Amino acid sequence: MRTIIEPFRIKSVEPIRMTSPAEREAILAAAGYNLFRIPSDDIVIDLLTDSGTGAMSAEQWAAVMRGDESYAGSPSFRRFEKAVRDITGFAHVIPTHQGRAAERILATTMLRAGDVVPNNTHFDTTRANIEAVGATALDLASPASRELSASAPFKGDIDLEALAALLENPPSRVPVVFVTVTNNGGGGQPVSMANLRAASGLCRRHGVPFYLDACRFAENAYFIRQRETGYAGKSLLEIAREMFALADGCTMSAKKDGMANIGGFLCSNDERLARAETELLILTEGFPTYGGLAGRDLEAIAVGLYEALDLSYQQYRHASVQYLGEHLTAAGVPILQPPGGHAIYVDAASFLAHLPREQFPGQALAIELYRHAGIRSVEVGSVMFGRRDPATGIEQPGPNELVRLAMPRRVYTQSHVDYIVETFAEITAERHRISGVRIVEQPAALRHFTAIFETVSLA
Ligand code: F0G
């Protein structure tokens, strides 16, 4: 069969409140043209993030009822630990309330001021946790990732030459090397097994622990199965185990490929390190058999990790992201190529080429998607990564001007995707009429969450 269907039936539904253009105009104005400030029940299709926004399965809900909420020694923890160990092979499993808590515990125990931590691309919470202890987060994305429109199978790879040079001649201590699978900061692009193997080999030669930021490990395993020689006949579980076997530990946000609404974990094979991490866990998250989670969350994750490795689920997920990417490309919308595992990234700088960078084309497109059709996306451009010089007021743009359309897991069907495609087709025809924006109010840090914008009239 050529048609790839959603490999599930729908048992429980959540109504979408449809809004009129006039309502949306008023909602936008009230939110200061910042989509983070819009109540989610005023959104028609929410593509803000794929994190914690997925639908749980009947088996997960059944497991939730089995959740044992004992403070110590809960069997829910044993089931969670068994699943994580079975898939990752790591000896020590520390439950946390989400990915960034695992990052914080790792940064506090493994790092000190002046250290350098490389990664293909650090996610912003990983970077922030590394910087919070005075260390430097270094991005070593592969050269292929810099060409937005060029297609390559593994644009998420870490730059091995740069990593080798760094480890040969470290400017200061390098206590851990990370690779993020898939590379969210680089467009949800996968990392090949060959690249992971080579990075792991370099780290072992230099005695440096090698870690995975494993949030989207199952999506990455599917890409390896599809694109890398020798993996077509393997199960996703086998591929995932091979990925984890190359690493000494991982951080994980179970809100992605844990198929859960909350949760995370930190793993390692190093007993002394795990003991120090557990001490901090008790201080900041909770007792070691629940971390920052309820027993029911541990149960949902224990089931969800395997569901993410189900081949027909990944076929559907990749087909729907790819379908969106192909149809946008056919409609003349420039996107980061090829489509990522969890999201499509639109190149707003070239889509809205009439807008100067200081008028935030990414934000302008995100606003227009909401105005036109109630779609919420997220700007990954100069609002998020740019800076205003406090002395001169001059805006320093970010490296790219992207708008991310992140697909929640098992939530939207093909007709929802068609609605997104149609929205873009309509916007494309009138794009020269889309105005830019300026920031009228912003906080000192993380301005994208709370800044207030106003429209700039077209010249
Ligand atoms: N690492 C990566 C690669 C991520 O994408 C995220 C979260 C985290 C770590 C942090 O995990 O949210 O559970 O604390 N990414 C979400 C996103 C927020 O929208 O991409 P968390």
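Hi everyone. A cavity, on a 1 Å grid over the protein atoms alone, is a set of points where a 1.4 Å probe fits but cannot get out. Grid points are joined across faces, edges and corners, and a volume is the space filled by probe spheres set on the points.

What you see is a predicted model, where local features need pLDDT of at least 70, side-chain atom pairs count only at pLDDT 80 or more, and totals for chains, interfaces and linings use all residues. Residues are numbered from 1 along each chain as its sequence is written, and side-chain values use heavy atoms, with hydrogens and water left out.

So, how many cavities of 30 Å³ or more does the structure hold? There are five, and the largest has about 70 Å³ of space. Its lining (residues with an atom within 4 Å of a point) includes Asn34, Phe36, Glu379 and His448.

Now the ligand. It is surrounded by 17 residues (a heavy atom within 4 Å), and the closest are Thr49, Arg100, Ser253, Lys256 and Arg404.

Let's look at polar contacts, meaning pairs of N or O atoms within 3.5 Å. Ser253 places a polar side-chain atom 2.7 Å from a ligand oxygen, and Gln98 has one 2.9 Å from an oxygen of the ligand. On the nitrogen side, an N or O atom in the Lys256 side chain sits 3.0 Å from a ligand nitrogen. The protein covers 93% of the 470 Å² of accessible area that the ligand has on its own, by the Shrake-Rupley method with a 1.4 Å probe.

Thanks, and happy to chat!

Notes:
A polar contact is a pair of N or O atoms within 3.5 Å; within protein, one must be able to donate a hydrogen and the other to accept it, and residues adjacent in sequence count only if both atoms are side-chain atoms. On a 1 Å grid over the protein atoms alone, a cavity is a set of points where a 1.4 Å probe fits but cannot get out, and a pocket is an open set with protein on both sides within 12 Å along at least five of seven lines; lining residues have an atom within 4 Å of a point.
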